[in-house]
Amino acid sequence: MNFSFLNPSALWALPLSLAPIALHFFFRRPPKVVDFGDLKLLTRVAEKTRPRKKIKQWLVLLLRFLSLFCLFFFFSKPILHWGPMSGEGDGASVVILLDHSYSMRANPVGFSRWDQALRDAQKVLNSLKESDRSSLIVFSEQIDYDSGGLTNRHENLIAALKTQKPGFGNTQMLSALEQAYKTLANSAVSNKCILILTDGARHGWLNAAKAGVEDLKDWSALVSHFDPSVKILMSEPSRNTSNASIENVEMVSDVSSGLAKYRVTLQNWGTKPFGRWPVSLEKMDGSKMTETLVDLLPGERKSLMMSAALPDGQSAVKAVARPDNLEADDSFFMVQNPLMRVKVLVVEDYAGTAAISGETFFFRQALKSGPSPFEVQTITLGQLKKTSLNDYQVVFLADPSEIDRDSGESLKRFVSSGGSLFLSLGERYQLETLNEIADLLPCTLEGKREVQGLALKPSQNLAEDQLDVGQYESEKIEVRKAVRTVLRPESSAWIYFSDGAPLLVFSKDQKVAVWASSIDRSWNNFASKPLYAPLMRSILNALAQKTRESRDLGLWVGEVYQKEFTNPVPQNSLIFENSRGERIPLTLND
């Protein structure tokens, strides 16, 4: 005989059946004495009937107790099975873990992995005998369905299978595996098994790998109810030969045109290459903004830049790829805020009798020429300490003379509060000129030197910013003089001289940059070359990147979106609607 419960959690309510007994003693009233005549004859009658009355009271109390006890016991769904006793080896306990993450929608062999998993689960349940016990757990990043305890009514689990369908979540197997071991802990049979029906997709075992677990035999390190006698069986996943996904989309600034640039990241997860794979940017109404073709080798990850018209205000776009074996990850939705304008404060010294010289003329023209995201204001070095720097994102010091302590402290506060600093050098530079801001700079500065005949070489950092120096005739740039620089730890150079000395240096947090030559034409012919304007814009844009760009929302399939509200939000006031017009239920948690 085997005895079990389908809903063992209801047994916790059994102590409540004692409530009638507790209430009986709690509300029990003491007898009330009333003066009356001689009751000798009635006393004898009462003595004869009192025992029967007490028995009746206790029977009523017992019936109240049993009624509640049976009610709670009924809710626990007890099962009494007449057959082989537990532990005799004739019965088996099986827990089926069914993965319904989005990757189970893949259709690599004419039918989906989900359909195959359903057939496998149903086949296993049909093969079980009445002496066997089974349980079903459906999971993605959490347990979405649990049939309860072990049961021999396998047909009920088959019916439950037909109500399930694949979702859009990732795979987080640990909680489901923990629950499976916990369920089997209530079984005394020696033949216990956990059947895992999953596609083994790339996201399916990531949480195990991150914890240092490389094999199923090591699950004991993560599962508190681990039982070494439990067998683990897993279906052989079919390899998805043709599946590529859009991993991320972000809008980056294009400071050389009136267009918006989108960096789209793609990944080929299959074993077959993709040739001329169409990838497009679309508005939420389906109208196409731009399209390109991309080649992806097996396992290759690639980022490509796509340009489209600059949106007015906040806008929503989606990147769409041609459907493959798994369509769920062929789209990426994002909502971005409009690009903020960069306010630049240009600081230069007096030159002769002019209040503001033409020293930064080319620099200002490079930033102002339309279409431009920059707003430029020019002051002298003497006005710096009287100017509110919090109104600007970037301060540009053009070959400054000696910076006094007040100006230096003002610049330090500006950078520490999130502002950026760009420094160029020139004839005014002396070793002691920049002592007040020396600790802000990403490099130490030494003496001036002649660099006639040295070519410029871009670093990988500059290439990643999508500025191809070679297309701007960089070989025609002649730098005659520069300041010798030595990189500080973790700083980086965007441009080198051919002898290895840095020309353009950025700090680690990309908030301070140093140009080791003049920004005008006194030490070079740079200002008259095609590279000048796009490079200056790229430098200023990189310095102001964190304050200028913000992506409000980007959603990838399987990603959980969470948003915190500072003010109370009514439960039914939020609506989440996808590109097909389907409304998705939202959950508000306190």
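Here is a walk through one covered strand and a few salt bridges. Keep in mind that this is a predicted model.

Let's start with strand β9, which covers residues 259-268. Find it in the structure and you'll see a stretch that is mostly covered, with eight of its ten residues buried. Its partner is strand β12, residues 301-309. The two strands run antiparallel, and nine bridges join them. If you want a spot to get your bearings, look for L266 in β9, which stands opposite K302 in β12.

Now let's turn to charged side chains. How many salt bridges does a search of the whole structure find? The count is 13, and we'll visit some of them in turn.

Take K385 and D404, whose side chains meet in a salt bridge at 3.2 Å, N to O. K385 sits in the loop between β16 (374-380) and β17 (394-398), while D404 sits in the loop between β17 and α8 (405-416), so this pair ties together parts that are 19 residues apart in sequence. Are these two buried or exposed? K385 has 41% relative accessibility, so it counts as partly exposed. D404 has 32%, so it counts as partly exposed too.

Next up is the salt bridge between K448 and E427, where the distance is 4.0 Å, N to O. Here a strand meets a loop: K448 belongs to strand β19 (residues 443-450), and E427 to the loop between β18 (420-424) and β19, so the contact ties together parts 21 residues apart in sequence. K448 is partly exposed, with a relative accessible area of 33%. E427 also counts as partly exposed, at 44% relative accessibility.

Further along the chain, the side chains of E490 and K508 meet in a salt bridge of 3.3 Å, N to O. This pair links distant parts of the chain, 18 residues apart: E490 is in the loop between β21 (481-487) and β22 (492-497), and K508 is in the loop between β23 (502-506) and β24 (512-515). What about their surroundings? E490 has 57% relative accessibility, and since exposed means over 50%, E490 counts as exposed. K508 is exposed as well, with a relative accessible area of 62%.

One last thing to look for is a little teamwork among charges. Salt bridges that share partners join E427, K448 and K481 into one network. You've already met two of those names, E427 and K448, as a salt-bridge pair, so try finding K481 and seeing how the network is laid out in the model.

Conventions:
Residues numbered from 1 in each chain as written. Predicted model: local features only at pLDDT ≥ 70, side-chain atom pairs only at ≥ 80, totals over all residues. Heavy atoms only, no water. Buried < 20%, exposed > 50% of the residue type's maximum accessible area, 1.4 Å probe, protein only. Helix = DSSP H or I, 4+ residues; strand = E, 2+ residues; numbered from the N terminus. Pairing = 2+ DSSP bridges.
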